[in-house]
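Hi everyone, thanks for making time. I'd like to walk you through a structure that will be new to most of you, so get comfortable and have a look at the screen.

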Amino acid sequence: MTEESAFESLRPLMFSIAYRMLGRVSEAEDIVQEAFLRYHRAMAGGSGEPDSPKAYLSAVTTRLCIDHSRSAQVRREVYVGEWLPEPLLPGLGLLGDPAELAEQGDSLSMAFLLLLERLSPVERAVFLLHDVFGYGYDETARIVARSEDNCRQLARRARQHVAEHRPRYEPSRDKRDELAGKFLAAVGDGDIDGLVSMLAADAAVYGDSGGQRPSWPRPIVGREHVGRLLAALGRQARLAGAVLHPAEVNGQPGLKFLAADGTLICVIALEIADGRVHAVRSVISRDKLRHLGPLTDLEELISQRRAGPAGPGDRPAL
């Protein structure tokens with residue numbers, strides 16, 4: 001396999017591993033690039049092509065991710081507000097086949113990635129390699145430099161934790177998309193009653209702004225509180241001339257808020273199960289949206305809104 005063909009055929013898999021390990025698009029791309037640079041150096045070093053480019057690249061990618069995860073955990077301890085994964089939308093070309101977002105939506109969802117954050121970096125790697133990507137324990141052991149028995153123990157422990165806390169999803173894609181469409185319309189109309197009727201009793205909103213304004217620093221819990229917040233968000237969108245578009249976010253239903261000029265304001269992912277919205281996760285951090293295209297200057301947008309007429313309750317909710 002030539003270097004070029006290895007890059008083309010294996011890059012989507014390596015990105016899929018790195019993204020699930022790190023929850024960051026930009027960092028996953030950097031890791032994959034570094035892995036291929038090391039593959040290139042190995043090829044050019046005179047020792048010949050590795051026996052298996054896939055095995056070599058999987059090992060390098062995973063080990064780089066484990067090292068990176070350890071330092072990332074330290075950074076997140078001082079992260080301002082909620083930390084959410086960078087949203088992954090169809091059309092980015094990072095996973096190769098666009099259908100993978102839908103086919104592997106459960107293991108790409110924000111809820112699932114946040115659950116994996118509770119595992120140690122090595123546990124996460126072993127669980128992903130074996131249970132998500134289908135690597136055997138023998139190959140997984142070589143990749144993470146552990147014994148097969150140890151990998152089985154790590155996978156069993158991770159699997160138990162995931163089973164205990166695994167998020168539920170609406171099994172019917174049609175029902176899920178139908179509810180998401182009604183939800184988007186209710187947000188856009190500022191329809192509190194409509195939103196409350198679609199929310200689970202313990203529904204929660206999580207916002208990742210990276211400390212930028214406007215934001216909410218802690219989760220907002222309860223269907224009444226969430227309904228009021230989202231209705232206010234819809235009113236503000238109208239006042240600012242923004243529009244809401246349906247979007248598939250990490251393989252799950254979601255929304256995009258776009259300014260009048262088409263630039264991106266924020267991305268929202270919905271967690272839907274049993275005919276109700278259980279969680280709303282909003283990413284507004286500029287650093288986590290840059291890979292999705294041009295962004296709106298939020299401070300300027302809100303200043304423009306405040307300069308115009310505002311009705312009761314139209315306080316910043318983004």
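I'll go from the overall picture to the cores, then two helices, a pocket and a handful of single residues.

One thing up front: this is a predicted model. The protein has 318 residues, and 51% of them count as buried. As for secondary structure, there are 13 helices and six strands. And how much of the contact list links residues far apart in sequence? If you take the contacts with a separation of 6 or more, 66% of them come from residues 24 or more positions apart.

Okay, the cores. The largest nonpolar core holds 50 residues, and the members that touch the most other members are Phe-15, Tyr-19, Met-21, Leu-88, Leu-116 and Val-144. Which helices feed into it? At least two residues each come from H1 (3-22), H2 (25-44), H3 (53-76), H6 (110-116), H7 (121-132), H8 (137-144) and H9 (148-165). H1 is the top contributor, giving nine residues to this core.

Let's zoom in on Phe-15. Skipping its neighbours within four places in sequence, Phe-15 is in contact with Val-25, Ala-28, Glu-29, Val-32, Leu-88, Leu-94 and Leu-95. There's also a second, separate core of 32 residues, and Trp-216, Leu-230, Ala-242 and Val-277 are among its members.

Now for two of the helices, starting with H2. Its 20 residues should span 28 Å at 1.5 Å a residue, and the end C-alpha atoms are 29 Å apart, so the two agree. Which residues of H2 are buried? Those are Val-25, Glu-27, Ala-28, Ile-31, Val-32, Ala-35, Phe-36, Tyr-39 and Ala-42. If you like to trace this on the screen, keep the helical repeat in mind: an α-helix has 3.6 residues a turn, so residues three or four places apart point the same way.

The other helix is H12, residues 223-239. It has 17 residues and reaches 24 Å from first C-alpha to last, close to the 24 Å expected. The buried list here is Val-226, Gly-227, Leu-229, Leu-230, Ala-231, Ala-232, Leu-233, Gly-234, Gln-236 and Ala-237. Take Leu-233 from that helix: it counts as buried because its relative accessible area is 3%, and the cut-off for buried is under 20%. Leu-233 and Gly-190 sit 43 residues apart in sequence, yet their C-alpha atoms are 7.5 Å apart. After H12 comes Gly-241, with a positive phi near 75°.

Next, the pocket. The largest one has a volume of about 300 Å³. Of its 14 lining residues, Ala-111, Leu-114, Leu-115, Arg-118 and Arg-281 are the closest to the centre. Which element supplies the largest share of that lining? It's H6, with three residues. Sorted by class, the lining is seven nonpolar, one polar and six charged residues.

On to some single residues. Trp-83 is in the loop between H3 and H4 (100-103), and at 13% relative accessibility it counts as buried. Its C-alpha is separated from that of Tyr-206 by 8.8 Å, though the two are 123 residues apart along the chain.

Trp-83 also shows up as a partner of Asp-208. Asp-208 lies in strand E1, residues 199-208. Is Asp-208 buried or exposed? It's buried, because its relative accessibility is 0%. Leaving out residues up to four places away in sequence, Asp-208 touches Tyr-79, Glu-82, Trp-83, Leu-84, Ser-282, Val-283, Ile-284, Ser-285 and Lys-288.

Last stop: backbone angles. Most residues other than glycine have a negative phi. Here are two residues to check against that. Asn-250 isn't a glycine, and its phi is positive, near 50°. Asp-274 isn't one either, and its phi is positive too, at about 55°.

Where do these two sit? Asn-250 is in the loop between strands E3 (243-249) and E4 (252-258), while Asp-274 is in the loop between strands E5 (264-273) and E6 (276-283). Accessibility sets them apart: Asn-250 counts as buried at 0%, whereas Asp-274 is exposed, with a relative accessible area of 55%.

That's my tour, so over to you for questions.

Conventions:
Residues numbered from 1 in each chain as written. Predicted model: local features only at pLDDT ≥ 70, side-chain atom pairs only at ≥ 80, totals over all residues. Heavy atoms only, no water. Core = buried A, V, L, I, M, F, W, Y, C linked by side-chain atoms within 4.5 Å. Buried < 20%, exposed > 50% of the residue type's maximum accessible area, 1.4 Å probe, protein only. Helix = DSSP H or I, 4+ residues; strand = E, 2+ residues; numbered from the N terminus. Contact = heavy atoms within 4.5 Å. Expected span 1.5 Å × (residues − 1). 1 Å grid on protein atoms, 1.4 Å probe; cavity = no way out; pocket = protein on both sides within 12 Å on 5 of 7 lines; lining within 4 Å. Points joined across faces, edges and corners; volume = space filled by probe spheres on them. Nonpolar A, V, L, I, M, F, W, Y, C, P; charged D, E, K, R; others polar.
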